[in-house]
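Reader: I have a model open and would like to learn how to read it. Where do we begin?

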Amino acid sequence: MKTQALRAALPHTLPVLVGFLVLGASYGFLMQSQGLAFLYTLLSSLFIFAGSMQFVSVGLLLAGFEPLHVFLLTLMINARHLFYGLALLEKYRGLGWKKPYLIFGLCDETFSIHCAVDPPPGVDKGWFYFFITLLDQSYWVAGSVVGALLGQLLPMDTTGLEFVMTALFVVIFLNQWDQQTDHRPALIGAGCALACLALFGSEHFLLPAMGLMVLCLAPARPKTEKEAHTP
Amino acid sequence: MTTAQTLITLGLIAAATALTRFLPFWVFPEGRQPPAWVARLGRVLPAAVIGMLVVYCLKDAPASAWHGLPELVAIGFIVLLHRWKKNTLLSIGGGTALYMLLVQTVLR
């Protein structure tokens, strides 16, 4: 039952393999180049397992100790998970001990596979989803470990490498822009951040920006309201 | 940060991340439908947060030596490359390589 599910799950994860090895490696390399210990990279990929947040965490770990700020910022950056969960309430029902791991390992890529793919006939649903989640996380952990090791072995000028995070978010921004007909949320997010950056300065603008963003978005009615009930 | 502070920070990030993943399953245990405003926020928040994160990444650029010129050039390159090839990893890799080249050579 297990090998059958693994064999069915593997092909769906291959595109993620490439992406996670490369992005995971740049994360590990970046951590290493900023002087953050290998153990922190490993622990982060095992227990946080959220790419965007791990990139942001590099800066947070280099700054001063601000627990509340870190906690709220993480909630905000990862708030999208709330909606992944809502979309998968039905699919994950009745999967026993595998369910907590499926929820813990719910990243953007795994979500998109779980949403789009049903197990083939005769394959156990729980093991099928379990292996997709497990394989995806293994790729990410492996990538970040390889990146951190490369960072130790290859002494190169890494000045500017931190731009990989900016590049990542710019590309996600472009991809989302193309997928969405309503560009107001993207513009509101960037606009609120810019306004608060000008008002509060680069050290203290994120919390007010997040508050302002939710205030602006909560009453906004997206153009796609009619399609609202198909998650 | 001390080692303890670093581990606490990582623990908080892990806890807050897990919270965002587990909360829906706690709040809606047996297929209870989420209210409309939650679903609405769910559709708009991801795009807005990415917009915010782009600004966050660039927060220190205006005050740097070249006032954000290398960032501007690299982002312009990413947009063009992405419009042309539509390859996420190529765009990230190409943009980062160009930025590193700029800040290590001409725009030091």
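**Domains, interface and core**

Author: With the domains: the assignment, automatic or from a database, splits chain B into domain 1 (1-32) and domain 2 (46-108). Their C-alpha centres lie 30 Å apart. This is a predicted model, in which local features need pLDDT of at least 70 and side-chain atom pairs 80 or more, while totals for chains, interfaces and linings use all residues. Residues are numbered from 1 along each chain, chains are lettered from A in the order written, and side-chain values use heavy atoms, without hydrogens or water.

Reader: How much area do chain B and chain A bury between them?

Author: The size of an interface is often given as the accessible area lost when the parts come together. Here, with a 1.4 Å probe and summed over both parts, the figure is about 7,000 Å², 78% of it on carbon and sulfur atoms. B:Arg21, B:Phe25 and B:Met52 supply 11% of the area that chain B buries against chain A, more than any other three residues.

Reader: How many salt bridges does the rule find across this interface?

Author: A salt bridge needs a side-chain nitrogen of Lys or Arg within 4 Å of a carboxyl oxygen of Asp or Glu. The rule finds two between chain B and chain A. B:Lys86 and A:Asp178 form a salt bridge at 2.9 Å, N to O.

Reader: Which residues is B:Leu53 in contact with, leaving aside neighbours within four places in sequence?

Author: Contact means heavy atoms within 4.5 Å. On that basis, B:Leu53 is in contact with A:Val56, A:Ile77 and A:Phe169. Counted over the chains, 65 residues of chain B are in contact with 88 residues of chain A.

Terms used: Buried area = accessible area lost by both parts, 1.4 Å probe.
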